[in-house]
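Please look at the structure below, and for each term used to describe it, ask why the term applies. Each answer should set the computed value beside the definition before drawing a conclusion.

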Amino acid sequence: MAAAGKTTLLLVDDHAIVRQGLAALLAHADDFAVCGEAGTYEDGLAALRTLAPDGVVLDLSLRDRSGLEWIRAARAQGYTGRILVLSMHDEALYAEKALRAGAQGYVMKDQAEDALVFALRTVFAGQTYLSPAAAALLADHPTAVDKAADGFAGLTARESEILYAI
């Protein structure tokens, strides 16, 4: 159980070693406590209902389904907590999609570990977190990002999954 006064977090990533590493990293932050972990789409949604964490750190690429779908499902269930996406996928392509799905931030897995804690603190302060480069891209060229996203807008959820798998 989380210590009193700490923000509780659910870790949803299909790699156990990543979840364990994140939990160890967050154990050093005095304002966050990991209250649970999940390795699949369904387990993540079940843990969300059971644990009711303040926030979620979510991998965009779950083995069984897309993290974008997970965000939409969590929001459809009425979850109002903060969601921070942690992904290996290019922020320039996926950050906007994650934000539109209902996340409050996007962190690349190759960023320094202090970026994760900073991003969590940012989203729990009520702000959106993107790396400076991604924020600049969206600020300077919002229509370019919209055009890139529009090319896939007509795809069904299953078609998007297949394209993503390819």
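**Strands and their partners**

Q: What is the bridge partner of D59 in β4?
A: The partner of D59 in β4 is L86. This is a predicted model, in which local features need pLDDT of at least 70 and side-chain atom pairs count only at pLDDT 80 or more, while totals for chains, interfaces and linings use all residues. Residues are numbered from 1 along each chain as its sequence is written, and side-chain values use heavy atoms, with hydrogens and water left out.

Q: What makes β3 and β4 a pair of strands?
A: Strands are DSSP runs of E with at least two residues, helices are runs of H or I with at least four, and both are numbered from the N terminus. Two strands pair if DSSP finds at least two bridges between them. β3 and β4 are joined by five bridges and run parallel, so they satisfy that rule. One of the bridges links V56 with I83 in β4.

Q: How do you know that β1 and β3 pair, and that β4 and β5 pair?
A: Four bridges join β1 to β3 in the parallel sense, and V12 has L58 as its bridge partner in β3. Four bridges likewise join β4 to β5, again parallel, with L86 partnered by V107 in β5. Both counts satisfy the rule for pairing, so each set of two strands is called a pair.

Q: Which β-α-β units are called right-handed, and what does that word require?
A: A crossover is right-handed if, with the strands pointing away from the viewer, the path from the first strand over the helix to the second runs clockwise. The unit made by β3, α3 and β4 is right-handed. The crossover that leads from β4 through α4 to β5 is right-handed as well.

**Buried strands and cores**

Q: Why is β3 described as largely enclosed by the rest of the structure?
A: A residue is buried under 20% relative accessible area, exposed over 50%, and partly exposed in between, using a 1.4 Å probe and protein chains only. Five of the five residues of β3 are buried, so β3 is largely enclosed. Both of its faces are covered, with G55, V57 and D59 buried on one side and V56 and L58 buried on the other. In β4, five of the six residues are buried, so that strand too is largely enclosed.

Q: What makes a group of residues a nonpolar core, and how many residues does the largest one have?
A: The term means a set of buried Ala, Val, Leu, Ile, Met, Phe, Trp, Tyr and Cys residues joined through side-chain atoms within 4.5 Å. The largest such core has 27 residues, and V12, L48, V56, L58, W70, I83 and Y106 have the most contacts inside it. At least two of its residues come from each of several elements, including β1, β3 and β4, while α3 gives the most, with five. A second, separate core has 18 residues, among them A29, L86, L116 and A119.

**Salt bridges**

Q: Why is the meeting of K109 and D13 called a salt bridge?
A: A salt bridge needs a side-chain nitrogen of Lys or Arg within 4 Å of a carboxyl oxygen of Asp or Glu. The side chains of K109 and D13 meet at 3.1 Å, N to O, so the pair satisfies this limit. The two residues are 96 apart in the chain, K109 in the loop between β5 and α5 and D13 in the loop between β1 and α1. K109, D13 and D59 are linked in a network of salt bridges, and the whole structure has seven salt bridges.

Q: Why does D13 count as buried while K109 counts as partly exposed?
A: D13 has a relative accessible area of 3%, which is under the limit for buried residues. K109 has 32%, which lies between the two limits, so K109 is partly exposed.

Q: How do you know that R19 and E37 form a salt bridge?
A: Their side chains meet at 3.3 Å, N to O, which is within the limit. R19 is in helix α1 and E37 in strand β2, 18 residues apart. R19, at 14%, is buried, whereas E37, at 37%, is partly exposed.

**Confidence**

Q: Where is confidence lowest, and where is it highest?
A: The predictor's confidence in each residue, from 0 to 100, is called pLDDT. The mean is lowest in helix α7, at 44, and highest in β1, at 98. Over residues 143–150 the pLDDT is below 50, and beyond near neighbours in sequence this stretch has five contacts (heavy atoms within 4.5 Å) in the model. The chain averages 84, with 80% of the residues at 70 or above.
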